[in-house]
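The following paragraphs lead the reader through a single protein chain, from one residue outward to the whole. Please keep the sequence and the coordinates at hand while reading.

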Amino acid sequence: MPAFTTKQIAKHNHSNSTWVIVDDKVYDVTQFLQDHPGGDDLILEHAGTDVTEIMKDQLEHEHSDAAYDLLNEHYIGTVDRLRAVEDDDEAEYYVPTNPSLDHKNNGFLDLRKPMFPQLWRSKFSKQLYLEQVHKPRYLPEPAPYFGDNHILEPLSRTPWFMVPIVWIPFVLYQLYNSSLHGAMASTVQGFSTGVFVWTLLEYTLHRFLFHMDDNLPDHWLAFLFHFTLHGIHHYLPMDKYRLVFPPVLTVIVGTPIVLFAHSTFAPCFAHAFLGGAWAAYICYDCTHYFLHHASINAPEHLKEMKKYHLAHHYKNYESGYGITSKIWDYVFSTVLQY
């Protein structure tokens, strides 16, 4: 479960978001306000604070074991009393969304239900869809896309390690074939070219395909395509199972690249080119996963790219398209200022 600083918890001190601390555990009791036997005023008076002693106070009102059992239904995390103040901004990424209130207040998807059926023939306007899909939510567990009992649900979730498991053998196969057709110098040139081309493709796909927001048709089918391809990642950016490319999607996007390489280059160069492009892709997707989920204790470049990419999600999704580096953002003047 996520850990929150006391400073962060203190911000949730109103009726729209009511958190309390009990024995260094954090509870979101927003939905319980109207059902509290003593009235919501008693909870709101202490919202955002530690109520451990108050709940044990015999003069105030000593709570029963049943009350503590009920409280456990609203458990969302623990108190982190060691985290530095400067890390508070990052902790905000892990504030759990209340699905009921989110659906009621925004009129968008209900995260308690499968998302695909809600998008299928949806009546959302383009303005509402784009506004909501770029407003990040966080759930501790993956939200259902097709439905937990649906045969396609497992295919909608891809753990990060599937990327190297599936594609490293492909890279090795391409390099082996390259070595059979020509000199080492041609293999090195082809591999290097493939890496370079991927860095540009990474930027191009992210900016012009994944974020084709302005050119998105105002139609439910376009919303469904956009959401499945990349919108779900902006909607639920901390969902670790919908962060890297599923292998099937990589095959679809990568097939034109394979056809281009073999129709344009000599066999030795073509195989090495594909090996370089896919090796760079593996680094891209693993880096992307790291930027969202790995520890900040990392080389300085990755620390900076982590802050940069999370700013793309939480501050300005219309710039900062680079994942592994900012090179092409500088070239095309889309550097994100944060």
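Does H312 count as buried or exposed? In this predicted model, H312 counts as buried because its relative accessibility is 0%, which lies under the 20% limit for that class. The residue belongs to helix 14, which runs from 300 to 314. Beyond the four places on either side of it in sequence, H312 is in contact with three histidines, H206, H211 and H234. Its other contacts of this kind are Y317, S319, G320, Y321 and L336.

Several of these histidines also appear in a database record. An unreviewed UniProt entry lists H206, H211, H230, H233, H234, H288, H292, H309, H312 and H313 under "binding site". Such annotations may be inferred rather than shown by experiment.

A second member of that list, H233, may be examined in the same manner. H233 is located in helix 11, spanning residues 220–235. H233 is classed as buried because its relative accessibility is 4%. With neighbours within four places in sequence set aside, H233 contacts the histidines H288, H292, H309 and H313, together with R242 and L243.

The nonpolar interior comes next. The largest nonpolar core comprises 30 residues, and those with the most contacts inside it are V163, W167, F210, W278, Y281, I282 and Y284. At least two residues of this core come from each of helix 9 (162–181), helix 10 (184–210), helix 13 (267–293) and helix 14. Helix 13 is the greatest contributor, giving 14 residues. F210 offers a view of the surroundings of this core: not counting residues up to four places away in sequence, it touches L205, H226, L229, H230, F245 and Y284. Among these partners, H230 is one of the positions in the UniProt "binding site" list. Another core, of 23 residues, lies apart from the largest one and includes Y129, Y145, F146 and A222.

Attention now turns to the strands. D28 is placed in strand 4, which covers residues 25–28. What is the nearest side chain of opposite charge to this buried residue, D28? It is R112, at 13 Å, and D28 has no salt bridge; this follows because a salt bridge requires the charged atoms to be within 4 Å. The side chain of D28 does make a polar contact with the side chain of T30, at 2.5 Å. Outside its neighbours within four places in sequence, D28 is in contact with T18, W19, H74, I76 and N98.

The loop between strand 3 (17–22) and strand 4 contains D23, and D24 is found in that loop as well. Phi of D23 is near 50 degrees, a positive value, and phi of D24 is near 60 degrees, also positive. Most residues other than glycine have a negative phi. D23 counts as partly exposed because its relative accessibility is 48%. D24 is likewise partly exposed, because its relative accessible area is 34%.

Finally, the chain may be considered as a whole. It contains 15 helices and 5 strands. Its C-alpha atoms fill a box of roughly 85 × 45 × 40 Å along the principal axes. Of the 338 residues in the chain, 45% are buried. Among contacts between residues at least 6 apart in sequence, 69% join residues at least 24 apart.

How values were computed:
Residues numbered from 1 in each chain as written. Predicted model: local features only at pLDDT ≥ 70, side-chain atom pairs only at ≥ 80, totals over all residues. Heavy atoms only, no water. Helix = DSSP H or I, 4+ residues; strand = E, 2+ residues; numbered from the N terminus. Buried < 20%, exposed > 50% of the residue type's maximum accessible area, 1.4 Å probe, protein only. Lys, Arg positive; Asp, Glu negative; His and termini not counted. Polar contact = N/O pair within 3.5 Å; in protein donor to acceptor, adjacent residues only side chain to side chain. Contact = heavy atoms within 4.5 Å. Core = buried A, V, L, I, M, F, W, Y, C linked by side-chain atoms within 4.5 Å.
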